[in-house]
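User: I would like to learn how to read a structural model feature by feature, beginning with the overall fold and ending with single side chains. Could you take me through one?

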Amino acid sequence: MGQKRTLFPLAVMEKVFKKIKNDIRVSETAKVELEKVINEYATRIGETSIKAAEHAGRKTVKAEDIELSVKNLTKSF
């Protein structure tokens, strides 16, 4: 009832690990932490992509805006 909704389902977080190593076990806290990190990264990508689109005079975010955002954000990672 008082749970915060996550942007990405926690089951997907487990699948990330299982895709790498199928017989690995993943704690609930690990799934929650990965979701937090991915959510933060996706939010930053979204924010910088919107700025790039607006700077180009567009209301539509294009793949090139996301690519530029990821490139710029990974420099600070």
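Analyst: What follows goes from the whole chain to a few chosen residues. Please keep in mind throughout that this is a predicted model.

User: How many helices and strands does the chain have?

Analyst: A reading of secondary structure begins with a count and then an order. Here the chain has 3 helices and 0 strands, and when it is read along the sequence the pattern is α-α-α. The radius of gyration is 16 Å, well over the 11 Å that the globule rule gives for 77 residues, so the chain is more spread out than a compact globule. The C-alpha trace spans about 45 × 35 × 20 Å along its principal axes.

User: What share of the residues counts as buried, and how much surface does the chain expose?

Analyst: Burial is judged residue by residue, with under 20% relative accessible area as the cut-off, whereas the exposed surface is a total for the chain. Of the 77 residues, 17% count as buried. The chain exposes about 6500 Å², and carbon and sulfur atoms supply 58% of that area.

User: What does the chain show in its contacts between residues far apart in sequence, and in its charges?

Analyst: For contacts, one looks at the separation in sequence of the partners: among those between residues at least 6 apart, 40% join residues at least 24 apart. For charges, one counts each sign and then compares the centres of the two sets. This chain has 16 positive and 11 negative side chains, and the two centres lie 2 Å apart.

User: Turning to single residues, where does Leu10 lie, and which residues does Leu10 touch?

Analyst: A useful habit is to place the residue in its element, then to ask about its exposure, and then to list its partners. Leu10 belongs to helix H1, which covers residues 10-20, and with 22% relative accessibility it counts as partly exposed, because the buried class requires under 20%. Apart from residues up to four places away in sequence, Leu10 touches Glu28, Lys31, Val32 and Glu35. Of these residue numbers, one can look for them beside helix H2, whose range is residues 28-55. By contrast, Leu10 and Ala52, which are 42 residues apart in sequence, have C-alpha atoms 30 Å apart in space.

User: Is Val16 buried, exposed or partly exposed, and how far is Val16 from Leu34?

Analyst: Val16 is also a residue of helix H1, and its relative accessibility of 37% makes it partly exposed. Its C-alpha atom is separated by 9.5 Å from that of Leu34, which is 18 residues away along the chain.

User: Is Thr29 buried or exposed?

Analyst: Thr29, in helix H2, has a relative accessible area of 60% and is therefore exposed, since the exposed class begins over 50%. The C-alpha atoms of Thr29 and Glu14, 15 residues apart along the chain, are 11 Å from each other.

User: Which polar contact does the side chain of Ser69 make?

Analyst: With a polar side chain, one reads burial and partners together. Ser69 is in helix H3, residues 63-75, and counts as buried at 4% relative accessibility. Its side chain makes a polar contact of 2.9 Å with the side chain of Thr48, and Thr48 also appears, with Ile45 and Ser49, among the residues that Ser69 touches beyond four places in sequence.

User: What do the side chain of Asp65 and its surroundings show?

Analyst: Asp65, likewise in helix H3, is buried at 4% relative accessibility. Its side chain makes a polar contact with the side chain of Arg58 at 2.8 Å, and it reaches the backbone nitrogen of Lys62 at 2.8 Å. Once neighbours within four places in sequence are set aside, Asp65 is in contact with Ser49, Ala52, Ala53, Arg58 and Thr60.

Terms used
Residues are numbered from 1 along each chain as its sequence is written. This is a predicted model: local features need pLDDT of at least 70, side-chain atom pairs count only at pLDDT 80 or more; totals for chains, interfaces and linings use all residues. Side-chain values use heavy atoms; hydrogens and water are left out. Helices (H or I, at least four residues) and strands (E, at least two) are DSSP runs, numbered from the N terminus. The radius of gyration is taken over C-alpha atoms; the globule rule is 2.2 Å times the number of residues to the power 0.38. Buried means under 20% relative accessible area, exposed over 50%, partly exposed in between (1.4 Å probe, protein chains only). Contact means heavy atoms within 4.5 Å. Accessible areas come from the Shrake-Rupley method with a 1.4 Å probe; for residues, only the protein chains shown count as cover. Lys and Arg count as positive and Asp and Glu as negative; His and the chain ends are not counted. The place of a charge is taken as NZ of Lys, CZ of Arg, CG of Asp or CD of Glu. A polar contact is a pair of N or O atoms within 3.5 Å; within protein, one must be able to donate a hydrogen and the other to accept it, and residues adjacent in sequence count only if both atoms are side-chain atoms.
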